[in-house]
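Work through the following exercises with the sequence and the 3D view side by side, and try each task before you read its solution.

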Amino acid sequence: MFGKSAVQRLLLVAMALATVFLVDIDEARAEYGDVVINNYSDAAGMRPAIFPHWFHRVRFRCKVCHADLGFKFKAGGNEINMVKIIDGQFCGACHNGELAWSVENCNLCHSGKPGTPTQVHESTVQKLAPAALQKK
Amino acid sequence: MPTWIIVAALLLVNAPVLAGPWDKLREDGVHDPRSPAINRLQEPGDALSKLTPDSAGNMVRWVQSLEKGEINPRANLRPDTKIRLYDSDVMLNLNGGMPMVKFPHRQHTLWLDCANCHDHLFKAEAGANKLSMLAILNGEQCGVCHGAVSFPLTECFRCHNTAKPGGKPPRPSLPIAIPAGAVPPK
């Protein structure tokens, strides 16, 4: 069955190798840098909010949120709540119906699996020391 | 068994890889597949597959993407915000076992403001900061961003990029693998 041609044989070997090395790609994984914020969501009966860094950095440089808007570099560390957002702070600086969708679109941000903890998913700390992360 | 059957079977098994490295939101393990957001939010692959590819993190070379104009992210919301750029390299890790680190301010200030790092993370003086890989791996110092949002800490030689005099040259780009068992179950 391997007697056809060199090209076919090479293709088979390459794909078999890919199967061996990349088989764990099936495992469900958040996108690198996705932040799940679940400070109050579970208790309020809402899905946790998911902040996708990849989506925002296509459109904004880090400094817009982390310098101008004052977001600390700490998942869940900004004590964001809906009152502040409606007041135009944090996410509310853009999510006001002018630059981006406004607060009545609850489910677009609050789209996480219930019970998902607050953290930067796929981060090195999450991978190397998940236990230490939970203790914090 | 004819070869084409084997090829077809392998194609099927490898389909997730061939479709690109980005998971669909409904399958990413953190989005609720029943959320009404699923069919309305942009899929990562739709946006990121058009940018300069990388082998780690978001699989995007973000700095290159910015420099090539593939993306044009805004630098300010408020018109009076001063946009500060700074072009100066700092050599770090002059005495450690690994190659030295050439830290480029230019690429960092494309994204960040000076105040994001100075002075609460790093004193603005060469040699004044005691950097440690242990702290970095623990999410401090460079690890505030690298390992969370900017390229991950598995890419040793992207930072350790300059040979010491008489020292070993940095390897091109050899990422270290985090064993699958280290990933917590979802």
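**Exercise 1. Write down the order of helices and strands in chain A, and then describe how its strands are arranged.**

Step 1. From the N terminus on, the elements of chain A follow the pattern α-β-β-α-α-α-α-β-α-α, and counting them gives seven helices and three strands. Keep in mind while you look that this is a predicted model.

Step 2. The three strands of chain A make an open sheet with the order β2-β1-β3, and their pairing is antiparallel. The edges are taken by β2 and by β3 (119-120) of chain A, each of which pairs on one side only.

Step 3. Looking at one pair in detail, β1(A) and β2(A) are joined by three bridges in the antiparallel sense, and Val35(A) has Phe51(A) in β2(A) as its bridge partner.

**Exercise 2. Find which residues are the best connected in the largest nonpolar core, and say which strands contribute to that core.**

Step 1. The largest nonpolar core has 13 residues, and those that touch the most other members are Val35(A), Val36(A), Ile37(A) and Ile50(A).

Step 2. At least two residues of this core are supplied by each of β1 (35-37) and β2 (49-51) of chain A, and the largest share, three residues, comes from β1(A).

Step 3. If residues up to four places away in sequence are left out, Val35(A) touches Phe51(A), His53(A), Ala75(A) and Val120(A).

Step 4. Another core, of nine residues, lies apart from this one, and its members include Trp54(A), Val58(A), Trp22(B) and Trp62(B).

Step 5. For chain A as a whole, buried residues make up 30% of its 136 residues. Among the contacts in chain A with a separation of 6 or more, 49% join residues that are 24 or more positions apart.

**Exercise 3. Trace the sheet of chain B from strand to strand, and explain what is special about its edges.**

Step 1. It helps to recall a general point: strands of a sheet pair through backbone hydrogen bonds, and they do so in either a parallel or an antiparallel way.

Step 2. In chain B, four bridges join β1(B) to β2(B), and these two strands run antiparallel; one opposing pair is Asp89(B) with Pro104(B) in β2(B).

Step 3. β2(B) also pairs with β3 (residues 160-162) of chain B, in the antiparallel sense and over two bridges. Met100(B) has Thr162(B) in β3(B) as its bridge partner, while Val101(B) stands opposite His160(B) in β3(B).

Step 4. Put together, these pairings give an open sheet of three strands in the order β1-β2-β3 (chain B), with antiparallel pairing. Because β1 and β3 of chain B each have a single partner strand, they stand at the edges, and one side of each is left without a neighbour in the sheet. On average, neighbouring strands of this sheet are turned by 55 degrees against each other, direction ignored.

**Exercise 4. Decide whether Gly96(B) is buried, partly exposed or exposed.**

Step 1. Begin by locating Gly96(B), which is found in the loop between β1 (89-92) and β2 (100-104) of chain B.

Step 2. A residue is buried with 20 or more C-beta neighbours within 10 Å and exposed with 12 or fewer. Gly96(B) has 14 such neighbours inside 10 Å and therefore counts as partly exposed.

Step 3. Although Gly96(B) and Lys164(B) are 68 residues apart in sequence, their C-alpha atoms are 9.6 Å apart in space.

**Exercise 5. Report the confidence of the prediction.**

Chain B has an average pLDDT of 87, with 82% of the residues scoring at least 70, and the predictor gives the complex an ipTM of 0.83 and a pTM of 0.81.

Key. Residues numbered from 1 in each chain as written. Chains lettered and ligands numbered in written order. Predicted model: local features only at pLDDT ≥ 70, side-chain atom pairs only at ≥ 80, totals over all residues. Core = buried A, V, L, I, M, F, W, Y, C linked by C-beta atoms within 7 Å. Contact = placed C-beta atoms within 7 Å. pLDDT = per-residue confidence, 0-100. Pairing = 2+ DSSP bridges. Axes fitted to C-alpha atoms, helices over the stretch in contact; angles between N-to-C directions.
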